[in-house]
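Student: Please take me slowly through one part of this model, the pairing of its strands, and then follow the contacts outward from there to whatever packs around it. I would like a single connected account, with the values kept beside each statement.

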Amino acid sequence: MATLTTEMKEMLKNQLPFLATTSADGKPQVGPKGSLHVLDDSHLIYFEHTFRHAYTNLRHNQQAAVAVADRAAQKGFRFEGTAHIYENDDYANQVLGKTKIFDRFPRAGVVVIDVERIFKLDNTLEAGTQLA
């Protein structure tokens with residue numbers, strides 16, 4: 001597992017992250033994940049409630065990437081790893097029970113991403129450098 005730094009955690013907290021997945025037939029999909037946040041030093045978590053493209057893709061291929069950038073600072077990070085879906089189980093109920101997600105959506109799950117690789121997305125010659 002890779003370890004997130006304080007800078008990475010702050011960027012994920014203050015900027016809108018985007019999740020990238022791949023369909024069973026290899027088509028890319030990317031979209032914003034407003035609920036995505038840091039679970040701990042090596043994991044990201046988000047609440048799944050649309051159960052559409054990303055969810056379907058992760059059911060077929062657990063590999064995921066999350067990109068986050070600060071446009072003004074021209075800095076960012078890409079986190080890659082394996083996603084695990086929790087739905088209608090003790091873990092999902094424990095996590096979602098602390099939220100108000102069911103006030104808006106009839107169904108929800110939790111996706112945890114093991115951060116295995118981290119890349120720098122700064123607007124420098126070091127862009128794409130693997131950090132962990």
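**The paired strands and their surroundings**

Tutor: Strand 1 and strand 5 are antiparallel partners, and three bridges make up their pairing. Everything that follows is read from a predicted model, and the values should be taken in that sense. Within this pairing, A20, which belongs to strand 1, has A65 of strand 5 as its bridge partner. A20 is partly exposed, because its relative accessible area is 29% and that class lies between the limits of 20% for buried and 50% for exposed. Once residues up to four places away in sequence are set aside, A20 touches Q29, V30, Q63, A64 and A65, so that its bridge partner A65 also appears among its contacts. A20 and A67 are 47 residues apart in sequence, yet their C-alpha atoms are 8.0 Å apart in space.

From strand 5 the pairing continues to strand 6, again in the antiparallel sense, with eight bridges between the two. The residue A65, already met as the partner of A20, stands opposite E80 in strand 6, while V68 stands opposite F77 of that strand. These two strands form a hairpin with four residues between them, and there Q74 takes a positive phi near 55°. Strand 6 in turn pairs with strand 7, antiparallel and over ten bridges, and one of the facing pairs there is T82 with D114 of strand 7. As a general point for reading such a sheet, side chains in a regular strand alternate between its two faces.

The hairpin also has a link to the segment that follows strand 7, where D122 is found. D122 counts as buried because its relative accessibility is 9%, which is under the 20% limit. Its side chain reaches the backbone nitrogen of G76 at 3.2 Å, and, with neighbours within four places in sequence left aside, D122 is in contact with Q74, K75, G76 and A127. The residue with the positive phi, Q74, is therefore one of the contacts of D122.

Two helices pack on these strands. In helix 1, which spans residues 6-14, the buried residues are M8, M11 and L12. Seen down the helix axis, they fall within an arc of 100°, and so they line one face of helix 1. The face turned away from them carries T6 and K13, which are exposed. The buried residues pack against strand 3 (37-40), strand 4, strand 5, strand 6 and strand 7. In helix 2, residues 53-60, A54, Y55, N57 and L58 are buried. These four cover an arc of only 165° around the axis, which puts them on the same side of helix 2, whereas H53 and H60, on the other side, are exposed. Their packing partners are strand 1 (18-22), strand 2 (28-32), strand 4 (43-48), strand 5 (63-70), strand 6 (75-86) and strand 7 (109-120). The general background to both patterns is that an α-helix has 3.6 residues a turn, so residues three or four places apart point the same way.

One of those buried residues, Y55, leads on to strand 4, where E48 is found. E48 counts as buried, because its relative accessibility is 2%. Leaving out residues up to four places away in sequence, E48 touches K33, Y55, R107, A108, G109 and V111, and its side chain reaches the backbone nitrogen of F51 at 2.8 Å. E48 and R107 are 59 residues apart in sequence, with their C-alpha atoms 8.6 Å apart in space. R107 also lies over the face of F51, at 3.6 Å from the ring centre.

This brings the rings into view. A search of the whole structure finds three aromatic pairs, among them F51 and Y55, which form an edge-to-face pair with 4.7 Å centre to centre and 75° between the planes. Both F51 and Y55 are buried. F51 thus takes part in an aromatic pair with Y55, has R107 over its face, and offers its backbone nitrogen to the side chain of E48. A further charge sits over a ring elsewhere: the charged end of R78 is placed over the ring of F119, 4.4 Å from the centre of that ring.

How values were computed:
Residues numbered from 1 in each chain as written. Predicted model: local features only at pLDDT ≥ 70, side-chain atom pairs only at ≥ 80, totals over all residues. Heavy atoms only, no water. Buried < 20%, exposed > 50% of the residue type's maximum accessible area, 1.4 Å probe, protein only. Arc of directions from axis to C-beta. Contact = heavy atoms within 4.5 Å. Polar contact = N/O pair within 3.5 Å; in protein donor to acceptor, adjacent residues only side chain to side chain. Pairing = 2+ DSSP bridges. Phe/Tyr/Trp six-rings, centres within 6.5 Å; stacked < 30°, edge-to-face > 60°. Lys NZ or Arg CZ within 6 Å of the ring centre and 35° of its normal.
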